[in-house]
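Student: I would like to go through the ligand site, the metal site and some ion pairs of this model. Could you take my questions one at a time?

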Amino acid sequence: MKTRPDHSEAAGSAVLHGHGVGPGIVIGVACLHEPGDVHAPEHRIPASRVDAEKKRFATAVADASTELETLREKAGDLPAQAGEELGFLLDAYGHMLKGSRLIRGVETRIEHDRINAEAAVRYEISALNDAFQAMDDPYLQQRADDIRDIGNKLIRHLSAAPQKAFQNLPRNAVIVSHELTPADTALLDPETVAGFVTACGGAESHTAIMARSLGLPAVLAVPDIMSSVQRGDTIILDGVTGTVVINPDQDTLASYRIRRAEFLRSCRNLGRLRDLPAVTSDGTTIRLMANIELPGEIDTILSSGAEGIGLFRSEFMYMNRPDWPNEDEQYRALKTVVQRMEGKPVTIRILDAGGDKLTTALGGSMPANPALGLRAVRFLLSSPAVLEAQLAAILRVAVHGPVRILVPMVCTVSEITAVRECLSAVHIRLKKTRIPVPDTLPPLGVMIEVPGAALAADALATASDFFAIGTNDLTQYTLAIDRTDQEVAHLYNPTHPAVLRLIHFTTGAALRAGIPVSVCGEIAGDPRLAALLVGIGIRELSMAAGSLPRVKNRIRHLAYWAAEEHARQVMSEHDPTRIETMIETFG
Ligand code: PEP
Ligand code: MG
């Protein structure tokens, strides 16, 4: 939804609208985030360390030059014009790394100011930036952006530690950014960050999903946000309605405080359902599971009353780092989660790289159409070492609790068979080396998230131990709507009859084959859709932990016979608008 800011009487006050994606309301302080900014630690160094620090800086410059060379080789694979443009940019970057004012300036600062190299880079970029901005020439101003990029690259090479953006924030910080990638969002600490608002982003993007799982109110796709807000402004985000208020007047502030208190009260009340079962009024039990994006969510998951983890998105282990995690590292991260779940099942999805997640990890340049490219199982089957390391870590962790393995973006039986063969081979190898693994392989299931997979669900059911229906991608691919693109977000409709028919067919295929089937896309966490999904035959729903109490409440007030009848009526309707009305008005 695009709206011009609606400036009210109070000085500097404005109301803007976008897609509300996170739960609740937050009143906080605006903190502007520059994309790509990285944290540069600062400390003084003794005179005796100056030479060593300059050497450390020289190594970072050499590493950055090697990185540029690799990018240059990859640029050769791009279409002619894009390759040429990237080549010019890389040339400019290359010059900046060879005896330029930037490099000389950093060396001088290390020597004269006796500060570490990261801080010297940060100060030098800032000085050059001021000089370029003062030149009143758009071309030269653009060069200031290039210098900032190269400086960030140098800081990344200097800091061996994983990236930590979003540091030194005030309490109740609301991050305001043109865009946040899922990897940026993974760095937000809910202890200090109260919410975020961005100019870009689709309601079902992974950034939106992460906001929900972190329990952060967020509003995406507010085109005018960057020009409407300044650092330190008071800002209200309503993650339910998608409203953003900047510098509210006293009455507005008071009314949002009341709404926030009401929202928190209703969350507390729903929390009382934690230990009650999700059973319809006429006795049908539904298994409610949690989706997990980051290990930090485990406390929220445990207190939500989830019966297990229905979707563990393993991508977080691969984010914000230049290399792939090894088997041991993955084993340790997974073990913590499996042990903390104390015997409840954990469904670990193997790496879903590509699409809007971890695209650069696949080799630097962005493919023309990442959603249709080398994503998920396709990437894993083309990178056996990455697949084997992950499967080995999962097999090792399976001795600590019940684990299931889920394969993303499967389209054909041969893909699941290939993963199963790899799993067996890794199992045999681990057994031979006497590393503890279970005697039998964990269940291996497929995500049904591509229309072709849904239509071939009968065949896939013969080769799978369970299905998890990923309605986020199923909607994206069925309706040809990029889930990250705010321009078409209003057309993204998981209750479009085409999507519902695919869900229905998949559920039927699983039930006929006698394998479990769940829904783990975002619609599983929408209480308004619980009746429809239960009525279609779904008995397991997996969602952000924060959504679980509301869905449980809905199920406990639902009669199964009425849900079945509702599903029958919805499935016989072909008009999306009438379907929406039927869902909204169903008791
Ligand atoms: C989905 O596509 O519905 C899903 C659960 O996977 P992800 O959102 O991680 O792509
Ligand atoms: Mg998906």
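Student: In this predicted model, how far is an oxygen atom of ligand 1 from an N or O atom in the side chain of R483?

Tutor: R483 is among the closest of the 17 residues that surround ligand 1. A polar side-chain atom of R313 also reaches an oxygen atom of ligand 1, at 2.6 Å. For the side chain of R483, the distance from its N or O atom to a ligand oxygen is 2.7 Å.

Student: How much of the accessible area of ligand 1 does the protein cover?

Tutor: Besides the side-chain contacts, a polar backbone atom of N472 is 2.7 Å from an oxygen atom of ligand 1. On its own, ligand 1 has 290 Å² of accessible area, and the protein's share of cover is 100%.

Student: Which element gives the most residues to the shell around ligand 1?

Tutor: At least two shell residues each come from α7 (206-214), β11 (309-313) and α17 (471-479). By residue class, the shell holds 4 nonpolar, 5 polar and 8 charged residues. The largest contribution, 3 residues, is that of α17.

Student: Which residues are the protein donors of the magnesium ion?

Tutor: The donors, an OE and an OD atom, lie 2.0 to 2.1 Å from the ion, ligand 2, and belong to E449 and D473. The two are 24 residues apart, one in the loop between β14 (444-448) and α15 (451-455), the other in helix α17. Both residues are buried. The donor residues are E449 and D473.

Student: Which network of salt bridges includes D473?

Tutor: The structure holds 27 salt bridges. D473, a donor to the magnesium ion, is linked with R483 and others in one network. Its members are E315, R349, D352, R375, D473 and R483.

Student: Why does E124 count as buried, while its partner R101 counts as partly exposed?

Tutor: The side chains of R101 and E124 meet in a salt bridge at 3.8 Å, N to O. This pair joins helix α3 (residues 101-113) to helix α4 (residues 117-133), 23 residues apart. Buried means under 20% relative accessible area, and exposed means over 50%. R101 is partly exposed because its value is 46%, and E124 is buried because its value is 4%.

Student: What is the N to O distance in the salt bridge of R420 and D465?

Tutor: R420 is partly exposed, with a relative accessible area of 26%. D465 is also partly exposed, at 31%. Their side chains meet in a salt bridge with an N to O distance of 3.4 Å.

Technical notes
Residues numbered from 1 in each chain as written. Chains lettered and ligands numbered in written order. Predicted model: local features only at pLDDT ≥ 70, side-chain atom pairs only at ≥ 80, totals over all residues. Heavy atoms only, no water. Near = heavy atom within 4 Å. Polar contact = N/O pair within 3.5 Å; in protein donor to acceptor, adjacent residues only side chain to side chain. Areas by Shrake-Rupley, 256 points an atom, 1.4 Å probe, with all protein chains shown as cover. Helix = DSSP H or I, 4+ residues; strand = E, 2+ residues; numbered from the N terminus. Nonpolar A, V, L, I, M, F, W, Y, C, P; charged D, E, K, R; others polar. Donors = N, O, S within 2.8 Å, 3.2 Å for Na, K, Ca; no water. Buried < 20%, exposed > 50% of the residue type's maximum accessible area, 1.4 Å probe, protein only. Salt bridge = Lys/Arg side-chain N within 4 Å of Asp/Glu carboxyl O.
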